[in-house]
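This report goes through selected strands, sheets, helices and single residues of one model. Please read it beside the sequence and the structure shown below.

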Amino acid sequence: MTPTEVAFDESHGQFSTDGQRSILDPHDIFLDRHIGPNPEELAEMAKRCGFDSVDALIDATVPDAIRMGEPLKLGAPQGEYDMLSRLREMSRKNKVYKSYIGMGYHGTIIPPVILRKVLENPRWYTPYTPYQAEIAQGRLEALLNFQTMVSDLTGLPLAGASLLDEGTAAAEAMAMCHDIARGKRPIFVVADDVHPQTIAVLQTRCESMGVELRIARGDQFEINDQVSGVLVQYPNTWGQVKDYDALTAQVHDAGAMLVVATDLLALTVLKAPGEFNDGKGADIAIGSSQRFGVPMGFGGPHAAFLATKETYARKMPGRIIGVSKDAHSNPAFRMALQTREQHIRRDKATSNICTAQVLLAIIAGFYAVYHGPKGLKQIATRVHAATAALVKGLEQIGRHVKTETFFDTVVVEVSDAEAIHALAAKFEFNLRRIGPTHVGIALDETTTRDDLLALLTIFNRGITPEHLDLDELVGDDPLSNLGPFARTSDYLTHDVFNRYHSESELLRYAVKLCSKDISLADSMIPLGSCTMKLNAASEMIPVTWPEFANLHPFVPADQSLGYRLMFMELENWLSEITGFAACSLQPNAGSQGEYAGLMLIRKFHEAAGNTQRDICLIPVSAHGTNPASAVIAGMRVVPVNCRDNGDIDLDHLRQQAESHADELAALMVTYPSTHGVFETEIHEICQIIHDHGGKVYMDGANMNAQVGLTSPGLIGADVCHLNLHKTFCIPHGGGGPGMGPICCTDDLAPYLPSHPMDPACGGRDPMGTVSAAPYGSPAILPIPWMYIAMMGAQGLTDATKAAIVNANYMAARLKDHYDVLYTGANNTCAHEFILDVRKSQDAGVTIDDFAKRLMDFGFHAPTMSWPVAGTLMFEPTESESKEELDRFCDAMIQIRAEIEKVEKGDWPQDDNPLHNSPHTAKSLLATDWAHPYTREEAAYPLPYLREHKYWPHVGRIDNAHGDRNLICTCPPMEDYCEM
């Protein structure tokens with residue numbers, strides 16, 4: 001079945017592939033809505049760049065040697081309504097049963113106010129990662145709430161701003177233990193009652209890290225001076241709540257670290273990991289916040305978490321949100337310590353995590369804010385009470401429950417498990433499959449009285465038990481059976497968790513926070529390499545359909561046929577677009593895609609008996625995640641120089657390939673280059689690597705310049721990852737979610753990642769498991785499905801052309817005011833370009849001044865100081881209109897005029913609008929105004945700002961102060977004032 005046959009049936013009346021339309025075709029063709037400039041404007045913009053037509057500009061930009069000879073086989077552009085209807089029909093092939101499978105995934109109720117005002121709100125899902133903290137104060141506060149929630153519930157003082165999933169969080173914790181032990185303790189011990197998908201992720205990561213993973217029963221742990229850490233599950237995968245006090249002491253006495261995978265809802269009634277062993281506590285707690293209002297989504301996206309002791313602050317992976325102060329001494333939030341850590345440390349980075357699950361962490365945080373400590377405890381108590389009533393009911397009907405102390409999950413002994421599962425299916429229930437004589441049940445907040453009666457009926461051979469009073473089974477004190485495990489300490493005492501419990505108050509709080517941020521709802525976000533494009537409403541709508549949102553990832557395959565059809569089509573389409581033979585959707589971030597792709601290459605070499613091949617060549621201009629990923633994949637990084645024009649130095653590449661010929665595993669290359677140019681020698685670059693026995697990994701960050709014009713397969717690569725949150729329209733979500741599927745050649749396909757819970761997933765000799773769920777974050781895959789389906793071959797190609805035209809148009813408008821740093825053979829750029837603003841330093845104007853002053857114009861800054869220090873990299877994307885491009889160019893030109901005033905001495909270097917930006921309303925309303933420029937020049941430097949003005953809520957933030965005075969949870973407000 002080809003992609004065209006699956007998705008685009010010409011008999012439905014959609015216009016033909018030659019682009020000719022009929023009056024009977026749909027009037028809502030998505031292509032017309034997605035691309036910002038109209039054809040006439042694109043032609044005008046191409047002429048401004050010195051070309052007679054759009055195609056002439058494209059021909060001058062994309063080397064003829066790598067151009068596709070024929071269109072993509074993806075059918076014609078489609079209408080939004082038709083494709084929504086088709087996807088709706090596909091979604092109904094999924095069967096939404098009540099899933100009591102557990103294993104870290106639970107039914108949950110997302111409060112409607114959070115669903116409508118956060119999850120479905122473009123002001124929350126379209127912002128970029130909060131690197132520019134002054135225009136991200138709302139997200140940062142919401143993430144600080146998340147961190148505080150995690151810290152309070154785990155009993156550990158320091159929590160990060162989210163990780164990808166529980167399995168990845170466990171792998172990051174293992175790496176953290178290994179790093180703290182300085183690599184001198186090579187063994188990591190895992191309890192055999194940890195969730196199996198977590199163990200699978202650990203096994204894959206251990207293989208490449210050189211860590212020895214030992215899986216053992218809890219009473220058979222051997223902990224000595226070779227062990228860096230021990231991981232246990234609390235409650236464990238079977239639901240048992242175990243006493244880990246003695247183990248905590250044993251681990252610490254051996255000089256190792258205790259990692260506890262746990263459940264946040266359970267911790268509202270169970271003793272916190274930080275309280276184990278008389279308060280000495282576990283060292284790290286990890287887990288998923290999914291059941292705090294985030295739908296299961298067949299496995300994701302969900303925000304994982306990692307909390308630890310303050311001692312290990314600088315060893316934590318991922319992001320930490322902290323509190324500092326702004327230029328006016330007001331408290332202000334920002335990212336602390338690990339900000340873009342991999343770009344600073346590169347191959348010395350402790351983690352390659354770049355994309356987190358920010359949007360989902362925010363939802364979980366709002367869930368805790370809305371319910372508060374009392375509400376959360378009430379939910380947990382109800383879930384536990386329902387489980388206790390079920391256990392007593394099962395015992396009364398003669399069933400033996402194996403789990404002695406539990407929170408919400410139990411294992412029941414039966415004579416014929418298959419008969420129980422068959423009967424459960426008739427009730428549209430899913431239970432956990434354990435073996436021929438055992439069945440698992442994990443209840444959640446969606447469980448009702450009717451559900452409990454149905455479960456008892458299932459285990460009573462289909463006969464409803466008589467004379468059972470559920471309330472009587474619960475008893476007067478539902479938590480009494482927790483005994484010494486019951487939590488006695490307070491949590492979530494900060495004001496934010498105790499004041500927004502009415503819908504009106506939470507609504508206003510959510511709106512107040514998002515009003516502090518710049519998102520695509522406000523203006524273009526021209527970040528080079530980050531592709532902040534339209535996230536269309538028609539693409540987003542299916543995400544919350546129950547058929548996609550409410551599936552457990554481990555349901556029987558016949559209940560997820562709609563998802564599997566969507567996976568098949570999407571894999572086919574992505575393979576067609578990349579020019580490769582196979583695809584895996586499992587990596588749930590670009591960083592995970594890099595890791596998975598390199599692991600494919602590693603596995604290929606090992607299968608051929610070339611275990612010595614572990615050298616990865618990486619250009620010095622590469623993304624910081626590239627060297628970090630290579631190290632995590634068990635490779636040694638060797639840098640390759642670039643020429644003055646930004647291209648890879650072929651002589652140096654050839655020299656490195658020859659000197660490492662016997663050990664060469666791979667080259668990591670970004671195309672177009674990180675400098676925004678289509679390198680004409682790309683075929684030769686790939687050939688050099690192949691001639692020396694290596695494989696070429698292409699970073700997919702710049703695919704928005706390739707789709708429909710060329711492909712990784714055409715340029716000679718062997719594997720690539722695709723940032724679906726860039727080229728294929730999954731929104732950035734303020735820093736996540738993302739997806740990073742990989743596509744590869746035939747000879748690498750056998751090694752695609754597998755999963756222990758889905759035998760259909762992966763190649764015949766898989767390299768292992770990289771994500772907790774078989775297909776990464778399936779709930780957001782309807783977004784790229786809708787995008788590709790609606791755009792079709794013509795639309796995708798036109799989008800690429802428009803992206804290239806937009807970038808060249810902006811460069812043409814700005815080149816008279818700034819130097820364009822790199823261009824291709826015909827003086828054009830790809831879909832992004834770099835402005836050299838370093839001359840402004842002579843006037844005391846820094847790269848930060850550009851970023852902060854743009855906030856006064858209502859814009860987010862371009863990418864700063866990467867890949868070249870002191871420069872700005874712009875990527876406008878195809879979705880931005882000519883009017884918006886002109887507005888941004890006008891802002892940059894006005895900034896140049898302001899710099900000239902500083903250069904001429906009209907404004908002093910230490911007191912001008914750039915140096916003092918951003919300007920808050922409060923600072924402009926101050927009684928005293930002693931600056932040499934007017935308030936109007938500060939706030940309204942261009943006329944359009946009088947029509948609509950975004951006001952930064954804080955002044956320039958002192959990052960160094962925040963790192964010296966680390967505050968990463970919510971202290972009382974008076975503490976902020978004391979700062």
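Over how many bridges do strand β13 and β14 pair? Strand β13 (residues 429-435) and β14 pair in the antiparallel sense over three bridges. Two strands pair if DSSP finds at least two bridges between them. Helices (H or I, at least four residues) and strands (E, at least two) are DSSP runs, numbered from the N terminus.

This is a predicted model: local features need pLDDT of at least 70, side-chain atom pairs count only at pLDDT 80 or more, and totals for chains, interfaces and linings use all residues. Residues are numbered from 1 along each chain as its sequence is written, and side-chain values use heavy atoms, with hydrogens and water left out.

**Strand β14 and its partners**

A hairpin of two residues joins β13 to β14, and Arg-433 has Val-439 in β14 as its bridge partner. Strand β12 (residues 409-413) also runs antiparallel to β14, joined by five bridges. In that pairing, Val-410 stands opposite Ile-441. Strand β14 (residues 438-442) is largely enclosed by the rest of the structure, because five of its five residues are buried. Buried means under 20% relative accessible area, exposed over 50%, and partly exposed in between (1.4 Å probe, protein chains only). Both faces of β14 are covered: one side carries the buried residues His-438, Gly-440 and Ala-442, the other the buried residues Val-439 and Ile-441.

**The seven-stranded sheet**

An open sheet with mixed pairing is formed by seven strands in the order β15-β21-β20-β19-β18-β16-β17. Its edges are β15 (582-584) and β17 (636-640); each has a single partner strand, so one side of each is left without a neighbour in the sheet. From one strand to the next, the twist averages 25°. Within this sheet, β20 and β21 are antiparallel and pair over three bridges; Cys-720 stands opposite Cys-743 in β21.

Helix α23 (residues 650-659) packs on the sheet and touches β16 (615-619), β17 and β18 (664-670). The direction of α23 makes about 150° with that of β17. Helix α24 (residues 682-691) lies across β16, β18 and β19 (695-699), and runs at about 135° to β19. Contact means heavy atoms within 4.5 Å. Axes are lines fitted to C-alpha atoms, for helices over the stretch in contact, and angles run from 0 to 180 degrees between N-to-C directions.

The loop between β20 (719-721) and β21 (742-744) holds Gly-735. Gly-735 counts as buried because its relative accessibility is 4%. Gly-735 and Tyr-128 are 607 residues apart in sequence, yet their C-alpha atoms are 5.7 Å apart in space.

**The four-stranded sheet**

Four strands make an open sheet in the order β22-β23-β25-β24, with antiparallel pairing. The edge strands β22 (819-820) and β24 (863-864) each pair on one side only. β24 runs antiparallel to strand β25 (residues 871-874), and two bridges join them. Thr-863 has Met-873 in β25 as its bridge partner. Helix α26 (residues 782-814) packs on the sheet, touching β22, β23 (833-836) and β25, and its direction makes about 15° with that of β23.

**Helices α8 and α9**

The table compares expected and modelled spans. The expected span of a helix is 1.5 Å times one less than its number of residues.

| Helix | Number of residues | Expected span | C-alpha end to end |
|---|---|---|---|
| α8 (residues 137-154) | 18 residues | 26 Å | 25 Å |
| α9 (residues 166-180) | 15 residues | 21 Å | 21 Å |

In α8, 17 of the 18 residues are buried, so the helix is largely enclosed by the rest of the structure. Gly-155, just after α8, takes a positive phi of about 75°.

α9 is mostly covered, with 13 of its 15 residues buried. Asp-165 caps the N-terminal end of α9, where a side-chain oxygen lies 3.2 Å from the backbone nitrogen of Gly-167. Arg-182 follows α9 and has a positive phi, near 55°.

**Thr-198**

Thr-198 is found in helix α10 (residues 196-209). Thr-198 counts as buried because its relative accessibility is 0%. Leaving aside neighbours within four places in sequence, Thr-198 is in contact with Glu-166, Gly-167, Ala-170 and Leu-231.

Technical notes:
Polar contact = N/O pair within 3.5 Å; in protein donor to acceptor, adjacent residues only side chain to side chain.
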